[in-house]
Amino acid sequence: MPSRILPIALAACLTSTALRAELSGDDYLGGGAMQDATERARVQAVIDAERQREAERAETLEHERAREKARREAERAAEAARHPQGEVLTKTHCGTCHAPESLMAARHTGLGWTLTIARMRWLNGARIPPEDAGRIRAHLARTQAADPARAIVEYGLAALPALLPVAWALRRSAATDRSPRKLGT
Ligand code: HEC
């Protein structure tokens, strides 16, 4: 019995080896070069497609950015239209009574402009909404600031009401310092 199994097993073994050899021969010989070329072409195609997709993605991103920029600019323009800037506000609100040249010649500190605009509103009947007055004040304080000499005068005058009671108190204390001595003699 074993004498019959042995050759069969041997034959089966050889056949399978031959088959395997055949298969591996197909892989490495014969069509190998052609398969290499098609494989390379396939990989190249995949790479090209990926590159194309990447370029398209970049383009969409570029478009997206341009659209976002345009949207932001439009928003800013709308915001500027809703809140006109100081220069425009000064022309519309102060130009009703003042020639631009005379207004441009005026110089004040921030405090001076606050008081001037307040005077225009309360005494001279200028009708200016408070938020616009604030913007006009900021604009004028920046573009038409006082020179140092004028600044000293304006802040000095503003400080005067505060300094007067101090001066008076100092005088008083000096007088009471002297009075006991006067009484003593
Ligand atoms: C309704 C009219 C009217 C409007 C509007 C008006 N003013 Fe006057 N302004 C006057 C009159 C009247 C005087 C002179 C009397 C005085 O000084 O208060 C004057 C004087 C001035 C002077 C000279 C005196 C100083 O303090 O230097 C300045 C500067 C001035 N205005 C700035 C402004 C500005 C800035 C605005 C806008 C925010 C404005 N005015 C809006 C009527 C106006």
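Student: Among contacts in the chain between residues at least 6 apart in sequence, what percentage joins residues at least 24 apart?

Tutor: In this predicted model, 80% of those contacts join residues at least 24 apart in sequence. One pair distant in sequence is Leu 111 and Ala 158, which are 47 residues apart along the chain and 8.6 Å apart in space, C-alpha to C-alpha.

Student: How do you know that Leu 111 and Ala 158 are in contact?

Tutor: A contact requires C-beta atoms, placed from the backbone, to lie within 7 Å, so the C-alpha distance does not enter that criterion. Leaving aside neighbours within four places in sequence, Leu 111 is in contact with Glu 154, Tyr 155 and Ala 158.

Student: Why is Leu 111 called partly exposed?

Tutor: Leu 111, which lies in helix α5, has 16 C-beta neighbours inside 10 Å. A residue is buried at 20 or more such atoms and exposed at 12 or fewer, and therefore Leu 111, with 16, counts as partly exposed.

Student: What makes Arg 150 buried, exposed or partly exposed?

Tutor: Arg 150, placed in helix α7 (residues 148–184), has 14 other C-beta atoms within 10 Å. That value falls between the limits of 12 and 20, so Arg 150 is partly exposed. Arg 150 and Gly 112 are 38 residues apart in sequence and 9.7 Å apart in space, C-alpha to C-alpha. For the chain as a whole, buried residues make up 7% of the 185 residues.

Student: How many helices and strands does the chain have?

Tutor: The secondary structure comes to seven helices and zero strands, and reading along the sequence gives the pattern α-α-α-α-α-α-α.

Student: Why is α5 called oblique to α6?

Tutor: The two helices α5 and α6 pack at an angle of about 140°, with their axes 9 Å apart. Roughly antiparallel needs an angle over 145 degrees and roughly perpendicular covers 65 to 115, with the rest oblique apart from angles under 35, so the angle of about 140° makes α5 oblique to α6. The contact is made by Gly 110, Trp 113, Thr 114, Ile 117 and Arg 121 of α5 together with Ala 133, Ile 136, Arg 137, Leu 140 and Ala 141 of α6. Sorted by class, this contact has six nonpolar, two polar and two charged residues.

Student: What makes α3 roughly perpendicular to α6?

Tutor: Here α3 and α6 pack at an angle of about 115°, with axes 8 Å apart. Since the roughly perpendicular class runs from 65 to 115 degrees, α3 is counted as roughly perpendicular to α6. The residues that meet are Gly 86, Glu 87, Leu 89, Thr 90 and His 93 in α3 and Asp 132, Arg 135, Ile 136, Ala 138, His 139 and Leu 140 in α6. By class, that contact has four nonpolar, four polar and three charged residues.

Student: In what hand do these helices cross?

Tutor: The crossing in which α5 passes α6 is right-handed, whereas α3 passes α6 in a left-handed crossing.

Student: Which helices each supply at least two residues of the shell around the ligand?

Tutor: They are α3 (86–94), α5 (110–122) and α6 (130–143), and the largest share, four residues, comes from α5. The ligand is surrounded by 18 residues, of which the closest are Cys 94, Cys 97, Ala 106, Asn 124 and Ala 126. By class, the shell divides into 11 nonpolar, six polar and one charged.

Definitions and conventions:
Residues numbered from 1 in each chain as written. Predicted model: local features only at pLDDT ≥ 70, side-chain atom pairs only at ≥ 80, totals over all residues. Near = placed C-beta within 6 Å. Nonpolar A, V, L, I, M, F, W, Y, C, P; charged D, E, K, R; others polar. Axes fitted to C-alpha atoms, helices over the stretch in contact; angles between N-to-C directions. Left-handed = near helix turned anticlockwise from the far one by under 90°. Contact = placed C-beta atoms within 7 Å.
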